[in-house]
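Thanks for passing this one along. Here are a few friendly notes, to be read with the model open.

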Amino acid sequence: MTLMETNILTPEQEEEIRILEEDCRRIEPFGHRLFLSNRLNTHPSMNCFFRAYEGNALAGILVLFMPDPGQAEVTALVHPALRRRGVFTALFAAARRALDCSGIRTLLFCHEPVCQSGTAVLKKLPVELEHSEFLLEYSRSLAPPSAPEGLTLQLADQALIPALAAQAAAAFGDSQAHAREIAGRFFHHPAVTPYAAWLDEMLAGHLYRNTEGGETYFCGLCIAPRLQGQGLGRGMLSLALECALEETSGPIRLEVDSGNMAAYRLYRSCGFRETAREDYYLMRGRTDDG
């Protein structure tokens with residue numbers, strides 16, 4: 001077995017990973033796709049893609065997604081014909097070495113319950129269920145709901161980063177510094193479109209549209225706390241959907257925490273339907289198991 005690691009993938013490497021992904025999906029029909037970019041990571045120079053080869057064939061892939069400092073989300077796939085040969089163990093050992101060098105101790109393993117092979121691996125690790133998220137996809141047969149009068153959605157420019165960060169910090173309870181760092185990463189990502197919502201001349205909210213990998217994902221939907229409860233979230237998402245439907249024929253998706261039922265009901269009322277559930281299993285501290 002040969003291991004390789006990098007922080008940026010070539011188009012050829014991305015293609016072979018997508019082929020592996022489809023091979024795995026035929027056996028276990030999971031809903032999510034691997035996120036093959038480091039642009040939203042807090043450690044962009046750190047290796048986050050770990051590949052294992054048997055000869056010239058890609059045997060497995062492990063991806064680290066690090067949107068928050070001190071924590072990494074772990075997703076892995078192993079070719080169905082090459083499981084139970086230590087491929088995941090080797091990939092995870094290589095990833096842990098990189099994590100230890102960067103001082104990252106908290107890991108979240110991303111797992112869809114439909115993947116029984118992943119369930120078997122997690123049973124051998126010192127992890128506990130931390131939270132779950134639903135993957136929702138927009139039903140194109142439904143028309144987006146109407147937006148409240150006076151609400152508009154416009155492309156946001158970088159001059160709005162401080163205001164959007166302050167808005168997100170107030171709405172989500174993040175620190176101003178962290179919220180501003182996240183906003184900066186979104187604004188500088190070539191596949192992300194930032195939108196600002198205005199109620200007449202008042203900044204009412206914002207959200208981001210990520211089209212990396214050929215699919216459309218909405219994320220970071222935020223309404224100013226003082227304006228919540230007025231239907232602006234539904235209206236803002238409706239306007240964003242109108243833009244996306246004009247520009248893409250592919251799937252339009254978003255994720256929502258299973259504990260945020262208010263947001264879940266909002267998205268369902270806008271025409272989104274649940275297609276998958278992803279569980280996040282927490283591992284804290286350095287271990288020598290696995």
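1. Which cysteine sulfur is closest to the sulfur of C110, and is the pair close enough or too far for a bond? The closest is in C115, and at 12 Å it is too far for a bond. A word on the basis: this is a predicted model, where local features need pLDDT of at least 70, side-chain atom pairs count only at pLDDT 80 or more, and totals for chains, interfaces and linings use all residues. Residues are numbered from 1 along each chain as its sequence is written, and side-chain values use heavy atoms, with hydrogens and water left out.

2. C48 has no bonding partner either, because its sulfur lies 13 Å from the closest cysteine sulfur, in C110. The count is 0 disulfides (cysteine sulfur pairs within 2.5 Å). C48 is buried at 0% relative accessible area, and C110 is buried too, at 14% (buried means under 20%, with a 1.4 Å probe and protein chains only).

3. Now the sheet: 12 strands (DSSP E runs of at least two residues) form an open, mixed sheet in the order β1-β2-β3-β4-β5-β12-β6-β11-β10-β9-β8-β7. Its edges are β1 (2-6) and β7 (151-155), each paired on one side only (pairing takes at least two DSSP bridges).

4. Do look at β5 (residues 106-111) and β12 (residues 272-284), which pair antiparallel over 6 bridges. Within this pairing, L108 has L282 of β12 as its bridge partner.

Conventions. Buried < 20%, exposed > 50% of the residue type's maximum accessible area, 1.4 Å probe, protein only. Helix = DSSP H or I, 4+ residues; strand = E, 2+ residues; numbered from the N terminus.
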